[in-house]
Amino acid sequence: MNASLSVFKDIKIGTRRGVKTENAASESAANCFTMLSMDDLTRRPKTDPTEIYRHRDGIYAPELVAVAIVGLDFFSRLAKSPADEQSICTGLGLAERPVDVMLTLFCAMGYIEKKDGAFHLTEIAREFLVRDSPWFVGPYFVHFVDRPIYKALLETLRTDKPSWAGATARKPWVEAMEDDAFAEQFTGTMDSRGMYVGPVLAARLDLKAHRRLLDIAGGSGIYACCIAAAHSHLKATVFEKPPVDRVTRKCIAKRGFTDRVGVASGDMLRDPLPAGYDVHLWSNALHDWGAATVKLLLGKSYAALPPGGLLVIHDRHLNREKTGPLPIAAHSVFLMAGTEGRYYSIAEIEAFLDEVGFVAPDYREVILDYSIITARKPE
């Protein structure tokens with residue numbers, strides 16, 4: 001037998017306890033990958049994996065393009081009558097949140113542009129995305145109509161309900177996270193990104209004047225641990241909802257950080273945030289929620305932080321005009337499909353912070369399309 005083939009034949013795909021799958025293929029996909037622990041959470045790789053992550057993050061964006069071309073004939077309609085966002089929602093019978101995501105994506109792709117409050121087609125869209133053009137690409141995309149993701153995105157556009165982009169018989173995300181196996185799988189997914197992003201985030205933060213950090217909805221605690229590793233004077237606590245908190249404790253213990261990073265159990269949507277922390281971290285959390293909920297959560301931070309306390313929002317942010325960057329606009333389609341939220345622009349986040357009462361917002365880029373927006377509670 002060929003030696004290289006023998007290597008693959010001898011690989012055994014393990015199954016994690018508590019994870020049930022319907023067939024061998026899905027079992028392999030769900031269970032064969034486990035993150036290796038790392039002794040030094042300040043360590044960084046030599047190469048840049050940005051494009052690898054973007055393959056996954058932007059996977060639903062082409063499906064939304066197909067929905068607009070074939071399912072909605074969106075571009076042909078806009079060619080006849082440029083319109084603002086509300087008129088588009090009303091005219092096509094679509095919901096505001098997913099339309100916001102769609103318009104942002106098409107602006108980032110260069111298919112539409114906003115002039116005097118109305119969206120207009122660009123030249124490339126007029127030539128290739130309009131039905132009465134001789135170069136119309138509609139027939140090239142018509143085969144998407146039977147794909148589960150295509151159908152799910154069209155349904156989300158019409159109802160504003162997260163669809164998990166084609167998954168069948170799946171609970172809403174908040175309910176799904178109450179299942180131990182799903183919560184463990186989800187936090188593992190986030191760890192596979194956090195191990196790369198976390199050390200850079202920690203290095204970007206000036207926390208010399210701070211002593212205690214609360215990482216709200218921190219999942220596995222990867223970001224809290226990375227920050228603790230880089231700032232030896234700091235102690236951190238991850239605030240998580242049961243049963244995710246049990247997974248959090250296991251992950252922190254596996255990394256050897258139980259003396260520096262604790263866990264507090266609670267529901268951020270129902271409970272007040274615990275007092276006694278001078279830094280609040282919202283990492284990859286606010287994008288799961290609509291604007292009203294985001295403001296509610298930021299208000300809870302404002303209430304719990306002491307005067308002068310620091311708020312850190314670590315996320316991907318659209319530019320102020322909501323015309324990109326394209327990788328973030330594309331990943332926002334993923335969020336549209338699976339959560340109640342989307343990615344917000346720098347201007348939107350700053351407006352939320354101002355409304356709640358925070359001052360001195362500051363924007364800084366991190367890595368992998370991530371950025372931080374910091375603000376302070378007034379003295």
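What share of the 379 residues in the chain do buried residues make up? The figure is 49%, and I should say at the outset that what we are looking at is a predicted model. The chain has 17 helices and 9 strands, and among contacts between residues at least 6 apart in sequence, 71% join residues at least 24 apart. As for the surface, the chain exposes about 18600 Å², of which carbon and sulfur atoms supply 54%.

Let me begin with the sheet. There is an open sheet of 7 strands, with mixed pairing, and its strand order reads 5-4-3-6-7-9-8. Strand 5, residues 261-265, and strand 8, residues 359-365, stand at the edges with a single partner strand each, so one side of each is left without a neighbour in the sheet. From one strand to the next, the twist averages 20°. Within this sheet, strand 3 (residues 212-216) pairs with strand 6 (residues 279-283) in the parallel sense, over 4 bridges, and D215 has L281 in strand 6 as its bridge partner. Helix 14, residues 244-255, lies across strand 4 (235-240) and strand 5, and its direction makes an angle of about 175° with strand 5.

A word on helix 13, which spans residues 222-230: of its 9 residues, 7 are buried, so this helix is largely enclosed by the rest of the structure. The buried ones are I222, Y223, A224, C225, C226, I227 and A228.

Next, the hairpin. Strand 1 (residues 112-115) and strand 2 (residues 118-121) pair in the antiparallel sense over 4 bridges, with 2 residues between them, and D116 in the turn has a positive phi of about 55°. The bridge partner of E113 in strand 2 is H120, while the side chain of E113 also takes part in a salt bridge with K115, where the closest N and O atoms are 3.4 Å apart. Both ends of that salt bridge count as partly exposed, K115 because its relative accessibility is 43% and E113 because its relative accessibility is 33%.

Turning to the salt bridges more broadly, the structure holds 20 of them, and I would like to dwell on one group, in which D100, K322, R342 and E348 are linked in a network. Here the side chains of D100 and R342 meet at 3.7 Å, N to O. This pair links distant parts of the chain, since D100 is in helix 7 (residues 96-109) and R342 is in the loop between helix 16 (326-338) and helix 17 (346-356), the two being 242 residues apart. R342 also meets the side chain of E348 in a salt bridge, at 2.9 Å, N to O.

Are the residues of these two salt bridges buried or exposed? D100 and R342 are both buried; for R342 the relative accessible area is 11%, and E348, at 18%, is buried as well, the cut-off being under 20%.

Finally, there is a nonpolar patch on the surface, formed by I124, F128 and W135, with about 310 Å² of accessible area together. Of these, F128 has its place in helix 8, residues 123-128, and F128 counts as partly exposed because its relative accessible area is 33%.

Note on methods: Residues numbered from 1 in each chain as written. Predicted model: local features only at pLDDT ≥ 70, side-chain atom pairs only at ≥ 80, totals over all residues. Heavy atoms only, no water. Pairing = 2+ DSSP bridges. Axes fitted to C-alpha atoms, helices over the stretch in contact; angles between N-to-C directions. Contact = heavy atoms within 4.5 Å. Patch = residues over 30% accessible without salt bridge, like charges linked within 9 Å, V, L, I, M, F, W, Y side chains within 5 Å. Areas by Shrake-Rupley, 256 points an atom, 1.4 Å probe, with all protein chains shown as cover. Salt bridge = Lys/Arg side-chain N within 4 Å of Asp/Glu carboxyl O. Buried < 20%, exposed > 50% of the residue type's maximum accessible area, 1.4 Å probe, protein only.
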